Amino acid sequence: MENEVKEPAPKYNYVSPEEYLEMERSSQEKHEYYKGEVYLMSGASPAHNDVAYNINRLIAPAVHGKGCKLYGSDFRIHIPENFLFTYPDFSIVCGKALTSDIYTDNLTNPSVIIEILSKSTKNYDRGMKFALYRSIKTLQEYILIDSTSVTVETYTRQNDDSWLLKEFKQLSNSFTISVIGVTLSLQDIYEDVNFD
Amino acid sequence: MENEIKEPAPKYNYVSPDEYLEMERASTEKHEYYNGYVIAMSGARLKHNQIAVNLYAKIGSYLDGKKCQVLPAVMRVATPNRDAYIYPDATIVCGEPLLEDEKFDTLLNPSVVFEIWSPSTQKNDMGYKLLFYQHIHSLKEYIMIDSAKRFAQVVRKQPDGAWRFEDISGTHDALFISIVNLNLSFDDIYRNTGL
């Protein structure tokens, strides 16, 4: 059938975390690391950047008085439970930012992670990546903001460690990031954002 | 970097749902359909098949005489917009099964779908497949079962339309299918697999 899509078999030499970090620290581009494999993280589209700009200007001032900080996509995080190294679009850390004992330039205790979805990352950010992020014991909220349509999904950790997903699709909708007590409207998040 | 893995851009000519169904009904192999893409399904390994059989046996005998029934992996399921056609590893349908057309081979109203992870399918089962399953109005639970270790992920629709994600590791010993009020033990799910 003409349109069959087959997964390519990756050429595979195991890369250790130490090798990854050594390459990464002097690399111009960002790469994610998982289970011995290194994945190039692609650059962001205009819409992705527009959404990021809005998140920054809406949230950064709001966290300031609450003992929390908003970090952007340059802060690499590490999850010791599953050995992932990656760069979320935004992390919110409350209290002291803890870094890994062994890999000292990697954050381990975000309370909130925000990812901006593009067409190519949606599958992973919603699925496997979210599963890996759930291992972060301090993580309370995971927020996905689509850069291709007006859609926000919030995933909130419950008392029994299950996660509740709520979806928002109207510009008039608002959602609250409880960790920092900030309510955002989709109107604000998508202001001046032109979808590609 | 030597090990960079980049997704290839697939050569893409949009296939319509009707074109897909025509090809699929004449095909000896199974393919799934997602938004104009046709994806071949590869064969399943032993543990995957053992888990499937365990599901059919336990759920099948439990549902005997009840208003829900379990269907095997050859039952195709469709989304309301016809943007996905999927073969879940197992399906539970309650009440009258609704079928797409007079070929009677495509189900529209599953209540529970199961996918058994293999290393090559896990990522997509958790990713775009979840998204398409969430579009099916009748769907209440999507249960994913790992074939590499004792682990399951359940995504359940809540009364208010929210979805609850649960990670069930081996220590929990069982997963609960609330629609049919059945507690499925990990011992039953993983019988014969050595896991």
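Student: In this predicted model, which residues of H2(B) are buried?

Tutor: The model is a predicted one, and helix H2 of chain B covers residues 46-63. Seen down the axis of H2(B), the buried residues fall within an arc of 165 degrees, so they line one face of the helix. On the other side of H2(B), B:Leu46 and B:Ser61 are exposed. The buried residues are B:His48, B:Gln50, B:Ile51, B:Leu55 and B:Ile59.

Student: How far apart are the end C-alpha atoms of H2(B)?

Tutor: Helix H2 of chain B has 18 residues, and at 1.5 Å a residue these should span 26 Å. The computed distance agrees with that expectation, since the end C-alpha atoms lie apart by 25 Å.

Student: Which helix of chain B do the buried residues of H2(B) pack against?

Tutor: The packing partners of these buried residues include strand S3 (68-71), strand S6 (90-94) and strand S8 (112-117) of chain B. Strand S9 (141-146) and strand S13 (182-185) of chain B are also among the partners. The list further holds one helix of chain B, namely H5 (186-189).

Student: Which residue with a positive phi follows H2(B)?

Tutor: After H2(B) the chain reaches a glycine whose phi is near 85 degrees, a positive value. That residue is B:Gly65.

Student: What are the buried residues of H2(A)?

Tutor: Helix H2 of chain A, residues 46-63, reaches 26 Å from its first C-alpha to its last, close to the 26 Å expected for its 18 residues. Its buried residues pack against several elements of chain A, among them strand S3 (68-71), strand S8 (141-146) and helix H5 (186-189). The buried residues themselves are A:His48, A:Asp50, A:Val51, A:Ala52, A:Ile55, A:Ile59 and A:Val63.

Student: Which residues touch the most other members of the largest nonpolar core?

Tutor: The largest nonpolar core holds 81 residues, and its best-connected members include residues of chain A and of chain B. As an example, if residues up to four places away in sequence are not counted, A:Ile145 touches A:Val51, A:Ile114, A:Ile116, A:Leu117, A:Val152 and A:Ile189. A:Val51 is also one of the buried residues of H2(A). The residues that touch the most other members are A:Ile92, A:Ile143, A:Ile145, B:Tyr142, B:Ile143 and B:Ile145.

Student: Why does A:Ile79 count as buried, and how many C-beta neighbours does it have inside 10 Å?

Tutor: A:Ile79 is found in strand S4 (residues 77-79) of chain A. Leaving aside neighbours within four places in sequence, A:Ile79 is in contact with A:Leu84, A:Leu132, A:Ser135 and A:Ile136. A residue is buried if 20 or more other C-beta atoms lie within 10 Å of its own. A:Ile79 therefore counts as buried, for its number of C-beta neighbours inside 10 Å is 22.

Student: In S10(A), what is the bridge partner of A:Arg157?

Tutor: Strand S9 (residues 152-157) and strand S10 (residues 163-168) of chain A pair in the antiparallel sense over six bridges. They form a hairpin with five residues between them, and A:Asp161 in the turn has a positive phi of about 70 degrees. In S10(A), the bridge partner of A:Arg157 is A:Trp163.

Student: Which residue of S11(B) is the bridge partner of A:Leu164?

Tutor: S10(A) is joined by three bridges to strand S11 (residues 163-169) of chain B, and the two strands run antiparallel. The partner of A:Leu164 therefore has to be sought in S11(B), and the residue found there is B:Arg164.

Student: Which strands stand at the edges of the open sheet of chain B?

Tutor: Five strands of chain B form this open sheet, with mixed pairing, in the order S2-S1-S5-S4-S7. Each edge strand has a single partner strand, so one side of each is left without a neighbour in the sheet. Within the sheet, strand S4 (residues 76-78) and strand S5 (residues 84-86) pair in the antiparallel sense over two bridges. The strands at the edges are S2 (37-40) and S7 (106-107).

Student: What is the radius of gyration of chain A?

Tutor: The secondary structure of chain A comes to five helices and twelve strands. With 196 residues, a compact globule would have a radius of gyration near 16 Å. The value for chain A agrees with this, at 17 Å.

Definitions and conventions: Residues numbered from 1 in each chain as written. Chains lettered and ligands numbered in written order. Predicted model: local features only at pLDDT ≥ 70, side-chain atom pairs only at ≥ 80, totals over all residues. Helix = DSSP H or I, 4+ residues; strand = E, 2+ residues; numbered from the N terminus. Rg over C-alpha atoms; globule rule 2.2 N^0.38 Å. Expected span 1.5 Å × (residues − 1). Buried ≥ 20, exposed ≤ 12 C-beta atoms within 10 Å, placed from the backbone. Contact = placed C-beta atoms within 7 Å. Core = buried A, V, L, I, M, F, W, Y, C linked by C-beta atoms within 7 Å. Arc of directions from axis to C-beta.
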